[in-house]
Structure formats: structure tokens, C-alpha cells
Amino acid sequence: DPSIEACAQNCNASEACKKLLTCNKSDKPTVELFVMSHCPFGTQAEKGIIPVTKLLKDKINFQVKLVNYAMHGKQEIDENTLQYCIQKEEPNKYIDYLTCFLEKGDTKGCLQKVGINQKKIDECIKNADTKYNITKNYNDKASWAGWRFPKYEVNNEENLKYGIQGSPTLVINGIVVQPQSRSPQAYLKAICEAFKNPPAECQKVLS
């Protein structure tokens, strides 16, 4: 793409240039994957990106964030909030929990398997429910997005900032990125393009 090449030479060439990942590289990329916890496309994306997070480890700042409406019922809302709280309270256990959950959707079994502190998580869920009006929004059908889906506002600020429309959406260094597919290799390629100096792990080929 000639325009991308031009931007790579001069990121101030136009406002469009400033919105490309080419012009927003960093030493430690911030990677945000927006999903709904029971969305089949979102869970496919999570399965694709987990091997990348395990490969790059602390060379990136990675977080799963939630789309600001829920399409898959109360079970999705509950799982969204649970995962938000695991990331908040026990971040080192989140990827292990998510990996387990993606296998069979066994929330209770995965919490036990990974050794999540249930008391700490329950307190977080209670506080999040109050802070983000989770139950209130679910019960108030007049407020549902397009009259069809309840609002889910835990990451609403980031949703509005990036213009998130659905699950999954990948944001790297504040730029919405479209990988070639939802495969580990495609995610690795997209993320590695965001490094100023890509680490050796970027040369790996993932299954």
C-alpha cells in the first residue's frame, strides 16, 4: 500500500497516517482484545491469541476487555463480570482460567482448577455490579441497545474511545487492527508489527 509506505517515512504527512499502527509502534505494545464471553467469534479470537500471549509474555501489555453490550443472555453478563474480576484481582491466573473456560465453558470447575480466590472475586463482582449498573441495566429493558441487548458498561469508556462495534475487535497501541485471520500466526504478525524493535519470538511460526 503506497499510502502506508508514505506514512512510514513521515507519520505527520496526514491525519490518516497518525491513525495507522505503522506510526504507533512502541517498545512494549499494549494489546486489547474486545469480546463478549459467549460470542463464538470472540472465543475463537481468544483461542487464537492465547498462544501469542504465552509466547510474548511480559513483552506486551495484554488485556481482554468487554464489548459494551451483551448478545448472549444473563450467562454472558455473569461470565463477563467474573472474567473482568479475575483480571483485576488475580491477573496472573487469568490466562490459565480462560484457557480452561474455552475448552468446555465449565466456569465452576475452572475456578477450582486454577485456584481462584472465590471470596475476593465475589467481592469484586458485587462492587462492579454497583459501579457499572450491571444488574440494573439488565433489568431495565427500556435501556437495551437497539431494544434488543442489555448494555454492559464495564469497559464502556474504551468502547467509545475506539468505536468498538462488536466481538472480536483487536486494538494495538490504541489502533483498531484487522488481522488476516483469527489464527495464532495472524495475531503474532499483527502484534509484532507494533514493536519498535521486534523480539526474537516474532520469528516463531505458530500452529
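**Exercise 1. Establish which cysteine is joined to cysteine 202, and describe the bond.**

Step 1. Take the sulfur distance. In this predicted model, cysteine 192 and cysteine 202 are joined by a disulfide, with 2.0 Å from S to S. The cut-off is within 2.5 Å.

Step 2. Read the torsion. It is about -90° around the S-S bond of cysteine 192 and cysteine 202, so this disulfide is left-handed.

Step 3. Place the two ends. Cysteine 192 belongs to helix α10 (residues 184-192), and cysteine 202 to the segment after α10. The pair therefore ties together parts 10 residues apart in sequence.

Step 4. Check burial. The cut-off for buried is under 20% relative accessible area. Cysteine 192 has 9%, so it is buried. Cysteine 202 has 14%, so it is buried too.

**Exercise 2. Characterise the link between cysteine 7 and cysteine 17.**

Step 1. Start from the sulfur atoms. They lie 2.0 Å apart, and the two cysteines form a disulfide.

Step 2. Assign the handedness. The angle about the S-S bond is -75°, and the link of cysteine 7 and cysteine 17 is left-handed.

Step 3. Locate the ends. Cysteine 7 sits in helix α1 (residues 2-9) and cysteine 17 in helix α2 (residues 15-18). They are 10 residues apart, and the pair links distant parts of the chain.

Step 4. Check burial. Cysteine 7 and cysteine 17 are both buried.

**Exercise 3. Work out which helices the disulfide of cysteine 100 and cysteine 110 ties together.**

Step 1. Confirm the bond. Cysteine 100 is joined to cysteine 110, S to S 2.1 Å.

Step 2. Add the geometry. At -80° about the S-S bond, the link of cysteine 100 and cysteine 110 is left-handed.

Step 3. Name the helices. Cysteine 100 is in α5 (residues 94-104) and cysteine 110 in α6 (residues 107-114). The bond therefore ties together parts that are 10 residues apart in sequence.

Step 4. Compare with the burial cut-off, under 20%. Cysteine 100 is buried because its relative accessible area is 11%. Cysteine 110, at 1%, also counts as buried.

**Exercise 4. State the pairing pattern, then settle the status of cysteine 39.**

Step 1. Count the bonds. The structure holds 5 disulfides.

Step 2. Number the bonded cysteines of the protein chain in sequence order. The pairing reads 1-3, 2-4, 5-8, 6-7, 9-10.

Step 3. Test cysteine 39. Its nearest cysteine sulfur belongs to cysteine 110, 19 Å away. Cysteine 39 is in no disulfide.

Step 4. Is cysteine 39 buried or exposed? The relative accessible area is 6%, so cysteine 39 is buried.

Definitions and conventions
Residues are numbered from 1 along each chain as its sequence is written. This is a predicted model: local features need pLDDT of at least 70, side-chain atom pairs count only at pLDDT 80 or more; totals for chains, interfaces and linings use all residues. Side-chain values use heavy atoms; hydrogens and water are left out. Helices (H or I, at least four residues) and strands (E, at least two) are DSSP runs, numbered from the N terminus. Buried means under 20% relative accessible area, exposed over 50%, partly exposed in between (1.4 Å probe, protein chains only).
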